[in-house]
Amino acid sequence: MSDNSPYEQHLDLNSPNRNLAPLSTSVDQKGRLVVGGCVLSNLAACYGTPLYVIDEESIRVACRTYVNALHKKYQGPSLALYASKANSSLALSRIIASEGMGVDVVSAGELLTALNAGVATEKIVLHGNNKSNAELQLAYQNDVTIVIDNRYDIEQLQGIASEVRPARLMLRFTPGIECHTHEYIKTGHLDSKFGFDPDQLESILRELIGCKWAKLTGLHAHIGSQIFELEPHQDLASVMVDALQLAREIGHPIEDLNVGGGLGIRYVSEDDPPSIDDWVALVSEAVMKACRSRNLDLPRLLCEPGRSLVAPSCVTLYTIGSRKTIPGIRTYISVDGGMSDNPRPITYQSLYTTCLADRPNSKAEEKVTIAGKHCESGDVLLKDVELPPSNSGDVLVVFSTGAYNASMSSNYNRIPRPAAVIVRDGHADLILKREQPEDLLIYDLMPERLIEVG
Ligand code: LLP
């Protein structure tokens, strides 16, 4: 790719979270953008748009980067878990598990996906601030580790788990750490719906010692998402090691310290997140240092990346449709998807990077706003971006859509969800079927009396 492609200026083979484009991105002799050996506009023609295109190489490299960094930097045992809320599917879970990682889940749906993908049950962790009884039962029956978040979890588990086979538990607490990210995706500050308050920690740990149905083997905290600072994670490590010391003193056989996820990625060229290696090195050193100074045996170190593992692997393809120019104000270019396949811009004012699939390196000549097709003025995917001249029918590529796009998608306006393909070595496999408008009617019921009335 030539130097004027913003995504090429950020090709960091060792840290997928610092790339704007999937690792395998290239341009063919005709100047068309290629991912995983597949020409993107051909994928659009074959599978339709909107289409999520996932690069298998990027996912595997990201997994290996986390797993290898933990092995290299942390002197005790470790396990990286994929936070599957970022993008949960059978195929992704399977690929990630094949790289030796576990999976964290937050619902029966995510848990069933991980189980059906063949993820080993000892590598699955169930989170959630309001787990249903059915979700807790499913996790317990499958010997999945359950993260207790509040008293309601404990009350429910008392009726589910038995002394004969105690439930394997981690305890989540709020570490009271502030970080700079969007208000909605902060979780580690004191005013959070997640986890036990630090003031309650000791009493809850003492209470659990008396519960024969419970085997508390881990502690968990998570401070937020899309974080570029390293310090909050360093502070978290020492707060967690304090809690580890307390829990062990009280008599819990704590083996696991789970520091959550949160490492940010590059969505636009100005973003400059730390690399995965630097993040893992910092967290590992902070945990080791805190343990050494308190004379504690090193716990197994767990982390739960979501976004940094999968976001940069994926691009979304759209077809350009209508255009509206308001002289002196703005030109809108509308595409065939929008807030239902990517709710992040309207929810968090998130920025993205885009280009034309068949002219990625053509000179940008106009400033345009890319709008979605939903009946809502705020349905804008990218505001005021530079693009070369484009026509209806051209395929538009939006980068870094692998996390919290498909998983947060909706059927707003009864628009069907897109298909997803995974690409590798010139081959594409469909991993999510495209919904059809008719599919959206299958849960609707028409009461008899309304039929009679006509
Ligand atoms: N562990 C726990 C307990 C979490 O709640 C999360 C994310 C993660 C791990 C993974 O965090 P990550 O590595 O992806 O930052 N929908 C928002 C993000 C919400 C994050 C929720 N929790 C967005 O689109 O930005």
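Colleague: What makes a residue one of those that surround the ligand, and which of them are the closest?

Modeller: A residue is counted as near the ligand if one of its heavy atoms lies within 4 Å of it, and 19 residues surround the ligand in this way, the closest being S225, E304, R307, R344 and Y404. This is a predicted model, in which local features need pLDDT of at least 70, side-chain atom pairs count only at pLDDT 80 or more, and totals for chains, interfaces and linings use all residues. Residues are numbered from 1 along each chain as its sequence is written, while side-chain values use heavy atoms, with hydrogens and water left out.

Colleague: How do you know which parts of the chain the shell around the ligand comes from?

Modeller: The domain assignment, which is automatic or taken from a database, gives domain 1 (16-55 + 311-440) and domain 2 (127-304), and the shell draws at least three residues from each of them. By class, the shell divides into 6 nonpolar, 7 polar and 6 charged residues.

Colleague: Why is the pair formed by a nitrogen atom of the ligand and the side chain of E304 called a polar contact?

Modeller: With the ligand, a polar contact is a pair of N or O atoms within 3.5 Å; the ligand nitrogen is 2.6 Å from an N or O atom in the side chain of E304, so the pair qualifies. Backbone atoms take part too, as an oxygen atom of the ligand is 2.9 Å from a polar backbone atom of G306, and an oxygen atom of the ligand is 2.8 Å from one of R307. Taken alone, the ligand exposes 590 Å² (Shrake-Rupley method, 1.4 Å probe), and the protein buries 92% of that.

Colleague: Why is R18 said to form a salt bridge with D272?

Modeller: The rule asks for a side-chain nitrogen of Lys or Arg within 4 Å of a carboxyl oxygen of Asp or Glu, and the closest N and O atoms of R18 and D272 are 2.9 Å apart, so the pair meets it. Across the interface of domain 1 and domain 2 the rule finds 1 salt bridge.

Colleague: How do you know how much area is buried between domain 1 and domain 2?

Modeller: Buried area is the accessible area (1.4 Å probe) that two parts lose on being put together, summed over both, and for these two domains the result is about 1,300 Å², with carbon and sulfur atoms giving 57%. Of the area that domain 1 buries against domain 2, N17, R18 and Y348 supply 47%, more than any other three residues.

How values were computed. Polar contact = N/O pair within 3.5 Å; in protein donor to acceptor, adjacent residues only side chain to side chain. Nonpolar A, V, L, I, M, F, W, Y, C, P; charged D, E, K, R; others polar.
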